[in-house]
Each structure stands twice: as C-alpha cells, then as structure tokens.
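Trainee: I've got a fold open on my screen and I'd like to talk it through. Could you take my questions one at a time?

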Amino acid sequence: MSLERRFATGATVEGRTLSGVAAPFGSETRIADFREVIAPGAFARTLAENRDILALVDHDASRVLGRTRSGSLSLTETADGLEYRLSLPDTSVGNDLRALAQRGDLGGVSMGFVATRDSWDGELRTLHEVELHEISIV
C-alpha cells in the first residue's frame, strides 16, 4: 500500500495556533479519474492507537511543525471531519507560516495516509478507514 495525499482548504490562526478541518466527511472530491468521499469514523482507529502523527510543511519530513506525541498537534474526529490544532513552533518556518496564515495566503491542509478499508460504487470511492501518517500545511 502506498501513501496517498488529499487536500482540504482553510485554516484559522489564533496567536500561534493554526486550526481547521484537515479532512472533511461526506464531501466528494475529484481524484484523477474517480471521485472520493471520506466516511465518518475513518480516522477512529488511527486516533485510538495513539500513533505519532506529524504536522509537516508541504509533506516534507525535514520540515516538522509539530507532532501528536509531543502535544503540539492534536487531532479530533468531529461530525465535520478530522479537525486539527497545531501550535506553531517559534522558528523561522513557524513564523513564516503564521504570517502567511494571517494574510490568508496558505493554500490549506493536506494529509498523507494509507487506505486500509475502502469501497467502490462505480467511480465513487468511499474511504471507511485510513491509517493517517501526517498532515501538511500547504
């Protein structure tokens, strides 16, 4: 199984904290030649396993912004989807991202995952369970 990536828009900045929905539930997305939707509960197993999930810049593992193990990244499933809260580090990258978020220049959030349970109905893929590895500010 290879790592897949998906994108969601929007981020809110409050002080040094970025927050938003990294993966909305029930929202169809066009991926190449198919459509995809994330089912509620898709992240439940990953979150229950207390995996160390990273927050990165542009999926670049050398640009870590935070992680669940340290508490600088928190992830929660809500009725809307997978929500995140990221405490930005006091580094040049963290400060740059904060300034970009305040100006509204960030593209959004993307996630890197492996689908562990999905189903197909024609060209519509539903992700029922995913193994989340990272979220990225893009």
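Mentor: Sure, let's start at a loop: Ala32 sits between β4 (29-31) and β5. Keep in mind that this is a predicted model.

Trainee: What is the phi of Ala32 near?

Mentor: Ala32 is in the loop that links β4 to β5. Its phi is positive, in a residue other than glycine, and the value is near 50°.

Trainee: Is Ala32 buried or exposed?

Mentor: The cut-off for that top class is over 50% relative accessible area. Ala32 has 71%, so it counts as exposed.

Trainee: And Asp58, is that one buried, partly exposed or exposed?

Mentor: Asp58 belongs to the loop between β6 and β7 (60-67), and has a positive phi of about 50° despite not being a glycine. Buried needs under 20% and exposed needs over 50%. With 45% relative accessibility, Asp58 falls in between, so it is partly exposed.

Trainee: On to the strands. Which strand pairs with β11 in the antiparallel sense?

Mentor: Let's go through the partners of β11. Strand β5 (residues 34-38) pairs with β11 in the parallel sense over four bridges, with Ile38 opposite Leu127. Strand β6 (residues 54-57) is also parallel to β11, over four bridges, and Leu54 has Glu134 as its bridge partner there. The antiparallel pairing, over 12 bridges, is with β10.

Trainee: Which residue in the hairpin of β10 and β11 takes a positive phi?

Mentor: Val114 of the hairpin region has Glu131 in β11 as its bridge partner. Two residues lie between the strands, and the one with a phi near 65° is Gly122.

Trainee: How many of the residues of β11 are buried?

Mentor: Strand β11 spans residues 124-137 and is mostly covered. Of its 14 residues, the buried ones number 11.

Trainee: Which element gives the most to the largest nonpolar core?

Mentor: That core has 29 residues, and those touching the most other members include Phe43, Tyr84 and Leu132. Elements supplying at least two residues each include β3 (17-24), α2 (92-103) and β10. The top contributor, with five residues, is β11. Leu132 also has contacts beyond its sequence neighbours, among them Phe43, Leu75 and Met111.

Trainee: Last one: which strand has the lowest mean pLDDT?

Mentor: The chain as a whole has a mean pLDDT of 91, with 96% of residues at 70 or more. By element, the highest mean is 97, for β8 (residues 73-77), and the lowest is 68, for β1.

Conventions:
Residues are numbered from 1 along each chain as its sequence is written. This is a predicted model: local features need pLDDT of at least 70, side-chain atom pairs count only at pLDDT 80 or more; totals for chains, interfaces and linings use all residues. Side-chain values use heavy atoms; hydrogens and water are left out. Buried means under 20% relative accessible area, exposed over 50%, partly exposed in between (1.4 Å probe, protein chains only). Two strands pair if DSSP finds at least two bridges between them. pLDDT is the predictor's confidence in each residue, from 0 to 100. A nonpolar core is a set of buried Ala, Val, Leu, Ile, Met, Phe, Trp, Tyr and Cys residues joined through side-chain atoms within 4.5 Å. Contact means heavy atoms within 4.5 Å. Lists of a residue's contacts leave out its neighbours within four places in sequence.
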